[in-house]
Amino acid sequence: MDQQTLVYFVWAIPLLPLLAFFAIMLFARGRDRLSHTIAIGAMVISLVLAQIVFWNAVAQGGAHEVAQPAAAEGEHAAAEGEHGSAAFIHDSHDWLPQGAPENALKMGVLVDPLTAAMLFMVPIACLMIIFYSVGYSNFNKKPDAHDQPGFPPHKGREPMYSRFFAFLSLFAGAMLTLVVADNLLLLFIGWEIMGLCSYLLIGFWYARTYPDPNKITPRGAAVKAFMTTRVADVFMLLGIAFLYSATGTLSFTEIFTQQTTSQLAAVLFLGFPAAQVIYLLLFIGTIGKSAQFPLHTWLPDAMEGPTPVSAMIHAAAMVSAGVYMIIRMFPLLAGTAPHGELITFTPMIVIGTFTALFAATIAFTQRDVKKVLAYSTISQLGFMVSALGMGAWVAALFHLITHAFFKALLFMGSGSIIHGVEHGLHAAGHGAVAHSAHGPDDHAAAAAHVETEHAEEAHAGHGHDDADPQEPELDPQDMFNMGGLRKKMPVTFWTFLIGGLSLAGFPLFFAGFWSKDEILGHAYHYPQFQLVFWVLVFTAFLTAFYTMRQIALTFWGKPRTEAAEHAHESHWTMLLPLIILAVFAIIAGVVGIKSDVPVAGLIVYGPFAQPGSTFEHLVEPTIANVIELEKLPFVLSPMAIAIAGSLLGLFLGWLVYGRKPLAVGQPDPLEAPLGGLYVLFKNKYFIDEIYNFVFVQPVKRFAAWMGDVFDRKGIDGVLHGIAHGALRLSHAFRSFDTKVVNGGADGLAASIKSAGHWLRDIQTGRVQNYLLLALVSVVLLIALYITLFS
Amino acid sequence: MDSNQLVLLLILFSPLIAGVLVLLIGQLGDGAAKWSALIFSLVPLALTIYLWVAYQGAPADPNGFKFVFSVPWLPQMSSSFTIGIDGISLAMILLTAILTPLGILISFRITDRLPLFMALLLGLTTGMFGVFMALDLVIFFIFWEIGLVPMYFLINQWGSANRQYASLKFFIYTMAGSIGLLLSIQFIWSALGTYSIPQIAGQWSTYAGPGVLGLPIETVKNITFWLFVIAFAIKVPVWPFHTWLPDAHTEAPTAGSMILAGVLLKLGAFGFLRLVLPFFPQQSAQFAVILALLALAGIIFTALAAFGQNDFKRLVAYSSVNHMGFVVLGIATAAAARGNAAYQQSAIIATNGAVLQMFAHGLSAAAMFALVGVVYERAHTRDLNQLGGLWKVMPIYGGILVFSAMANLGLPGLAGFPAEFQVVSGSWPVFTLTTALSMMGLLLTGAYILKAIQKVLHGPVNRELLHHAEMPDINRREIIALAPLLVLMLAVGVYPMWLMTVINDGVVNLLRIAGG
């Protein structure tokens, strides 16, 4: 295929879902079939184009090492050829002029092996999620008059069906934008639009309110997700600004050169190499996006969104984007260690390893089927971050991709479970109680006024209608309300089992095993990472344990509630994606098997293979021009330890929860033995409460003070003081005017007037009086004359 | 006079003539008045688009201005009527020309003295165009003042409950700044004997002649610098001169708020760029750090204040101050770079960002005020606690509100982002710590925007509100008034090149003049 066509294809990959978003929003509102047809259609084409690009990349990747494919690509690519970049599609255009024409900031698309690998995974996962949403949103049912926009549908089709597909398309488009971006700014654009999508989708049921005021609402969770990630994003934006002002470019191919990276490592900022400072700022962005400690708190609450959204956030897009970004930017650190030596980044090792363990401890105490998966996501992302921090670039990327497949599978499986239980709930006659007599608008329970703190008094009893009237009393997501679903939902069970075993790292047959083993093997090889290795092994053990706990609680034993008893298998539109993803959860591991692994390597590659894995060979050239990755020989002991940990975890999980399934109302068997520790884990170390007390509340109080007191009383007080002073001054002038100026003038006038009055008295009109006056005057004048001149 | 100069003159004076005509047509009835006002207001828009196309290839005078038109006006005072534009003013003229018809369209429901209302809006437009075009200080000052009077009456006569206080505060505060401005202009004229802006830009910083009124020339320069700065700082407004703004914006009628936030605030920032930086390079460099710190204070404190509001319109009003803080930060960076050649590229980036932010904020603030107006017209309340759940009742309105709010928040892909990115990138090397701290404001921007969305759209419907107010969804006229803004937000956000080419041209020229 000729290069120019491929360039168009790459542009079209993110554009199609983005256009689908606008098309649905503008032209398909309320037309459900058209909406999902547009969304799925755009995604299918996107997927096909991505596959074409991917296989072209694979084909050209082999030829790459022999000769740069630059010649075919015109001037852009020719320029990169000089830098030795592995980009084989690159097309960019001026976007922001900055003074002289040559300084313009460019925007464009880039496909190098790293992008190609992501282009394989992302569209598949996105398409599966969007397809699954058709069944999840009850397309097979008619809209029901009791279902209101802003509440989850209970009987019929999702009332905001089109909007859901529009948002999912935007989400996919943003993720694909991020993947094909040729520069950090476009990546950031995709990154932030995804943030918006997660906000819109987590809060999709924006009107939902729970009777329990302490339970976070979808809209609350949406704001929390957006704000928490935004904390991180402002640091990331600073990192981008720093990088841009230091290098004058944000293009990956221009930054990742020997010259630029060593320059960035040489410049010091506060005593650290600028490269590390920038990378740290960018990494903070990942801490937020990929929910690493201490900014992880938004992710479990993000479960308030519809389940396909959880899959989107947790697998295909959002959190993967965080790790993808630091993988993409990793060559920035190339200059921080002598060439050929292992490049590490300690903050990432510390945070990643800690998060992996920390989240795993929370996961095994959760009752909500989605929350367990949420914490397992955080934990697995910790694995990736830690791996990258230790310099295991390929392993981190590989785990990212396998995880995306099996975690999308698990989330959609849990969605299928919840769907089944909800149906069972209705079939069993629960939940239908509430909406028989009242429409949702008639309810005015005064229970949950969390949102309207200030207006509580004003509204109590009559204002907002609060609780979702259709909210069933029984939580359909609580695993303790399930049990025995194995027989009710066989397809869901088998696919979920595959996903679970992959997550648990069950040996040999599952993708998760191979990718996790890569990370553990790397940590084991370097003596300085011994502690990390053992922590991660312990985490892997916990992972296997809580996965088994989840599977046992959900599928094993007998149904513990009527809802579970009446649960039935989901619609085929939901099951088909599960099956497809289950296939990937198994086979995706094959490409990561190294050729020197005994037996498996021989089966996959045959006897005369080069060292390393297919995946390694594919992606490694991405950074080869600046970083030389060491190829580690196969060692049996870390793999053996990992297998032991995984099997032990699965076994113990089965022992506690599977062998003797829980009875109705029985507490978690671990609650008593772990005591206070269990309370700590179950309450997520009380971090939400601490943040609320330390950050959220003070900021709210300070903000209210700033507007109402500081501005209105402080600054305006000074202004009013000046105004009053001026007023008082003008009053003083006024009284000066009235008393002195006016008084003087008036006084003069009055005295003239009184003189006139007096003079009038002598104007008598009698001649003799005038003659007498004249005589007196003459006498006086003569007397005066004599006195003066004699 | 060539045709382009004629076009420039027509843009400038056609709104004023239109205002008079609308008053006359208004005798026929309100319907005729509003439609004629709308049609007349499209004239400068069409001419501006023509000028936009003509601008690219047109020759510039030695000072970098295009389409310069000059006639003697007060020869005794050596003042001439000189107008001309560069890329910065062209962008601002385009913004003004776009917002005026939209403001008129959104005001169609006004029943009280509608012809006068429209005439004042149109008259205001001439004032704003004049400031952006003026190349003579006397002309600049006259148009500066012309803008003030119609706005005073718009707030005072058509405003809401507390309009008397708000309009008086707005008027007196701005006048206080104007007096200093007038005094400075007289000082400069006394020394240089010219009012020509390009000439003063060339001469004033190096002028070493005798002082004025017995003051040494350096003192005169410092006095005039500070008087200019205060006048423009009040208009922008720079913290802590901002408290007139929440009152004026909140009390003004919807169209008044749109124009006030959309364009009038930009006059202040424009004054910094057109007059302060070129006239006072040394003082600018010396005091840039103060300006940067005030920008920081404005960004953080007013974002907090916005977050603390429970009045929808007041929240949006505070967000204007918050956003203008980034304009000021960009200007401060340009000012600091006057003294340091190493910062030249940073100055260009930051100033580009500041001007783009002026444009982007003009779009998003106008849209936000229009949207507040839509809800206020229906609910007769702006209290966020009285609203809620409106997404269900007004779904299209909800979508538009989220879109505009995201543009306001600076979401990448929409207009605010390239602006903020450039300001931050440009300011980082110059004011590293200040820039880093200003990011906290960006965080708080998210907090107040989400608060507004949540309180207005999310949650269950407030049935009490629906009892006494009908809440029909946004109507076609309102959508048409908002649609151009939404399209432009997206167009600037996705491909800012079309706009930035012109702005960059103006900025490069400005910094060349200002840098000497």
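The following conversation goes through a predicted model with its chains, one helix, one hairpin and one interface.

Me: How many helices and strands are there in chain A?

Reply: Chain A contains 31 helices and 4 strands.

Me: What is the radius of gyration of chain A, and what does the globule rule give?

Reply: The radius of gyration is 38 Å, whereas the globule rule gives 28 Å for 790 residues. The value for chain A is well over the rule, so the chain is more spread out than a compact globule.

Me: What does the C-alpha trace of chain A span along its principal axes?

Reply: The spans of that trace are about 155 × 75 × 55 Å.

Me: Which domains does the assignment give for chain A?

Reply: Domain 1 is made of residues 344–427 together with 475–682, and domain 2 covers 687–789. Taken over C-alpha atoms, the centres of these two domains of chain A are 88 Å apart.

Me: What percentage of the residues in chain A are buried?

Reply: Of the 790 residues in chain A, 54% are buried.

Me: And what about contacts in chain A: what percentage join residues at least 24 apart?

Reply: The figure is 77%, counted among contacts between residues at least 6 apart in sequence.

Me: Let us turn to helix α5 of chain A. How many residues has it, and what is its reach?

Reply: Helix α5 of chain A runs through residues 161–180, which makes 20 residues. From its first C-alpha to its last it reaches 29 Å, close to the 28 Å expected at 1.5 Å a residue.

Me: Are the residues of α5(A) buried or exposed?

Reply: In α5(A), 20 of the 20 residues are buried, so this helix is largely enclosed by the rest of the structure.

Me: Now chain B. Which way do strands β1 and β2 of chain B run?

Reply: Strand β1 (residues 66–74) and strand β2 (residues 79–85) of chain B run antiparallel, joined by 6 bridges. B:L74 stands opposite B:S79, which lies in β2(B).

Me: How many residues lie between β1(B) and β2(B) in the hairpin?

Reply: There are 4 residues between them, and B:S78 in the turn has a positive phi of about 55°.

Me: Finally, how many residues does each chain bring to the contact?

Reply: Chain B brings 54 residues and chain A brings 55 residues.

Me: Which element gives the most to the side of chain B that touches chain A?

Reply: That element is α17(B), with 8 residues.

Me: How many residues of each class are on that side of chain B?

Reply: The side of chain B that touches chain A has 30 nonpolar, 21 polar and 3 charged residues.

Key: Residues numbered from 1 in each chain as written. Chains lettered and ligands numbered in written order. Predicted model: local features only at pLDDT ≥ 70, side-chain atom pairs only at ≥ 80, totals over all residues. Domains from an automatic or database assignment. Helix = DSSP H or I, 4+ residues; strand = E, 2+ residues; numbered from the N terminus. Expected span 1.5 Å × (residues − 1). Buried ≥ 20, exposed ≤ 12 C-beta atoms within 10 Å, placed from the backbone. Contact = placed C-beta atoms within 7 Å. Nonpolar A, V, L, I, M, F, W, Y, C, P; charged D, E, K, R; others polar. Pairing = 2+ DSSP bridges. Rg over C-alpha atoms; globule rule 2.2 N^0.38 Å.
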